[in-house]
Structures are given as structure tokens and as C-alpha cells.
Amino acid sequence: MVTHAIYILEELLRHIVEIAILIFEFIGVGIIIFSGLQGFYLYLKRSTATKLALAKGLAMGLEFKLGSEILRTVVVREWQEIGTVAGIIVLRAALTFLIHWEIKEEEKGIE
């Protein structure tokens, strides 16, 4: 009886996490698309804030995508999958770090 209850709770957790992963991925992609379109619009207007606006949007989108990868570690069962997810997390974290560095440099240039 206890084993059955644990199995049900594990399945419930897996479904909740999978839904949350999809939501975070969707939000991240939406933000990146919106930022790209906004950046293109600012580029056409020859705005000096183009690079900064695009970088901030990309950073925010990557944060959501990184969150989805962290959630994915909850449902991973095999070592090979853990390695793949860990690699993705490291790459996305590095991209986020580089974009934040670029934002700081761009903000210094504006001031």
C-alpha cells in the first residue's frame, strides 16, 4: 500500500514538473522572440539602445530556459541523461554570464 502511494506521488511530481518545464520553455522562447523583434525594430530606428535591449531580453529568456533545465534534473533517471542536462545547464549558464557581462559593458559605455 505504501509503495503504491509513493509511486502515485512520484508520477504526480513527474507530471507537474513536465508541465512546468513546458511552461518555462514556452515563456523563455516567447521572451527571446519578442526581444529579437524589438531589437530589430530598434535597429531600424537606429536607436543607441538596440544592443542593450536585445541583450537584456536574451538574458531574461535564457534565465527561463535555464530554470526549465534545472527542473528537468528532477525527472532524470539515468547517468547519461544527467550528463546531458548538466552540459546544457553549464552552456546556458555560461551564455547568461556572457550576456550579463555584455550588458554591464554596454551600460558603462552609455554612462
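Modeller: A salt bridge is a side-chain nitrogen of Lys or Arg within 4 Å of a carboxyl oxygen of Asp or Glu. By that rule, Glu25, Lys65, Glu69, Arg72 and Arg92 are linked in a network of salt bridges. This is a predicted model, in which local features need pLDDT of at least 70 and side-chain atom pairs count only at pLDDT 80 or more, while totals for chains, interfaces and linings use all residues. Residues are numbered from 1 along each chain as its sequence is written, and side-chain values use heavy atoms, with hydrogens and water left out.

Biologist: What makes arginine 92 and glutamate 25 a salt bridge?

Modeller: Their closest N and O atoms are 3.8 Å apart. The pair therefore meets the limit of within 4 Å.

Biologist: Why is the pair of arginine 72 and glutamate 69 called a salt bridge?

Modeller: The N to O value for these side chains is 3.2 Å, so the pair also satisfies the limit of within 4 Å. Both residues lie in helix α2, three residues apart, about one turn of the helix. Helices here are DSSP runs of H or I with at least four residues, numbered from the N terminus.

Biologist: Why is glutamate 69 called buried, and why is arginine 72 called partly exposed?

Modeller: Buried means under 20% relative accessible area, exposed over 50%, and partly exposed in between (1.4 Å probe, protein chains only). Glutamate 69 has 4% relative accessibility and therefore counts as buried. Arginine 72, with a relative accessible area of 27%, is partly exposed.

Biologist: How many salt bridges does the whole structure hold, and how many of them join domain 1 and domain 2?

Modeller: A search of the whole structure finds ten, and the count between the two domains is four. Domain 1 covers residues 1–77 and domain 2 covers residues 79–110; these bounds come from an automatic or database domain assignment.

Biologist: What makes the pair of lysine 51 and glutamate 102 a link between distant parts of the sequence?

Modeller: Lysine 51 lies in helix α2 and glutamate 102 in helix α3 (residues 79–110), so the pair ties together parts that are 51 residues apart in sequence. The side chains meet at 2.9 Å, N to O. Lysine 51 is partly exposed at 47%, and glutamate 102 counts as partly exposed at 25%.

Biologist: Where does the salt bridge of glutamate 11 and arginine 14 lie?

Modeller: Both residues belong to helix α1 (residues 2–44), three residues apart, about one turn of the helix. Their closest N and O atoms are 2.6 Å apart, so the pair falls within 4 Å. Glutamate 11, at 23% relative accessibility, counts as partly exposed, and arginine 14, at 27%, counts as partly exposed too.

Biologist: How do you know what area is buried between domain 1 and domain 2?

Modeller: Buried area is the accessible area (1.4 Å probe) that two parts lose on being put together, summed over both. For these domains the value is about 1,500 Å², of which carbon and sulfur atoms give 73%. In domain 1, Leu52, Leu62 and Glu69 lose the most area to domain 2, together 32% of what that side buries.

Biologist: Which residues count as being in the contact, and how many does each domain provide?

Modeller: Contact means heavy atoms within 4.5 Å. By that rule, domain 1 provides 19 residues and domain 2 provides 17 residues. The centres of the two domains, taken over C-alpha atoms, are separated by 14 Å.

Notes
Helices (H or I, at least four residues) and strands (E, at least two) are DSSP runs, numbered from the N terminus.
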